[in-house]
Each structure stands twice: as C-alpha cells, then as structure tokens.
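Biologist: I want each label tied to its cut-off. Let us take the model term by term.

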Amino acid sequence: MARPGIRTNLKFRRLCKILGEPVPHVLGYLECMWAIGYESGEAVLGSAENVELAAEYPGPTEGALFSALLASGFIDQVSDGVYQIHDLLEHQQPVADPPA
C-alpha cells in the first residue's frame, strides 16, 4: 500500500506528468508493482518487461511505463538489464499482529 502523502510526492507527480495519465491509474500501477515485491519479499523484478508485467500496465506503448518509472526514480537498475523497486523494503508498511 502506498505511503500517506504519495500524491504530493514530487517523484509521483513527475511520474504522472511523464505518463500523462490520471492519478488513480498511476497509483494503481505502483500499487500492483509494490504488491508483487511485498508478496515475494524481494525488490528485484528483473527485466523491463517484468517491471511492466508486475505493474499490470495496459499501455499502448511497450516500455513507456518502465521508462517513466526509471526516470522518476521508482525503480533502480541493479545490473545490466535487471531492475528493482526503489527502496521497497525500507518503505514497507508494518503489518499489525493478528488479534489474540
């Protein structure tokens, strides 16, 4: 889940501007991508194609979301052709303990 204040974050606003898409769409792409990382406990998504698959990007232009995520700082290159979600585990929201 997105951290409070994501809508006012400059990285997020930059991403929306680059994509030219409505805030709810862009937020949805990020939420889908983050969910994959949180579920696996691993920030590395792999290839540019995997990044867009994780985000469930339906865009007409392959690579558009990937390029925008990289330019805005939401993903980082870790080696040649391998990308990870920027600071995924550092931003993870704590999960509440189930009631006893």
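Biologist: What makes you say that helix 2 lies across the strands, and at what angle does helix 2 run to strand 3?

Modeller: Helix 2 lies across strand 1, strand 2 and strand 3. Contact means heavy atoms within 4.5 Å. Helix 2 runs at about 95° to strand 3. Axes are lines fitted to C-alpha atoms, for helices over the stretch in contact, and angles run from 0 to 180 degrees between N-to-C directions. Helix 3 also lies across strand 1, strand 2 and strand 3, at about 115° to strand 1.

Biologist: What are the ground rules for this model?

Modeller: The model is predicted, so local features need pLDDT of at least 70 and side-chain atom pairs count only at pLDDT 80 or more, while totals for chains, interfaces and linings use all residues. Residues are numbered from 1 along each chain as its sequence is written, and side-chain values use heavy atoms, with hydrogens and water left out.

Biologist: What counts as a helix or a strand here?

Modeller: Both are DSSP runs, numbered from the N terminus: helices are H or I with at least four residues, strands are E with at least two. On that basis the protein has four helices and three strands. Along the sequence the pattern reads α-α-β-α-α-β-β.

Biologist: How do you know which strands pair, and in what order do they stand?

Modeller: Two strands pair if DSSP finds at least two bridges between them. Strand 1 and strand 3 have two bridges, so they meet that cut-off. Strand 2 and strand 3 have four bridges, so they pair as well. The pairing is antiparallel, and the order is 1-3-2.

Biologist: Why is the sheet called open?

Modeller: Strand 1 (44-46) and strand 2 stand at the edges, each with a single partner strand, so one side of each has no neighbour in the sheet. Neighbouring strands are turned by 40° against each other on average, direction ignored.

Biologist: Which residues of strand 3 are the bridge partners of Gly46, Asp76 and Ser79?

Modeller: Gly46 has Tyr83 as its bridge partner. Asp76 is matched with Gln84, and Ser79 with Val82. Val44 also stands opposite Gln84.

Biologist: What makes strand 3 alternate?

Modeller: Tyr83 and Ile85 point to one face and are buried; Val82 and Gln84 point to the other and are not. Buried means under 20% relative accessible area, exposed over 50%, partly exposed in between (1.4 Å probe, protein chains only). Buried residues make up 33% of the 100 residues in the protein.

Biologist: How do you know that the buried residues of helix 4 share one side?

Modeller: They are Leu65, Phe66, Ala68, Leu69 and Ser72. They cover an arc of only 165° around the axis, which puts them on the same side of helix 4. The arc is that of the directions from the helix axis to the C-beta atoms. Their cover includes helix 1 (10-19), helix 2 (23-40), helix 3 (48-55), strand 2 (75-79) and strand 3 (82-85).

Biologist: What is the handedness of the crossing of helix 1 and helix 4?

Modeller: The crossing is right-handed. A crossing is left-handed if the near helix is turned anticlockwise from the far one by less than a right angle, and right-handed if clockwise. Helix 1 and helix 4 pack at about 150°, with axes 9 Å apart. The contact includes Leu15 and Ile18 of helix 1, and Leu65 and Leu69 of helix 4.

Biologist: Why is Glu56 called exposed, and what is its phi?

Modeller: Its relative accessible area is 59%, so the over-50% cut-off is met. Glu56 has a positive phi of about 55° although it is not a glycine. Most residues other than glycine have a negative phi. Glu56 sits in the loop between helix 3 and helix 4.

Biologist: Why is Asp87 called partly exposed?

Modeller: Its relative accessible area is 30%, so Asp87 falls between the two limits. Asp87 lies in the segment after strand 3. Its phi is positive too, about 50°, and Asp87 is not a glycine.

Biologist: Which glycines have a positive phi, and where?

Modeller: Gly73, which follows helix 4, has a positive phi near 90°. Gly81 has one of about 80°, in the turn of the hairpin that strand 2 and strand 3 form with two residues between them.
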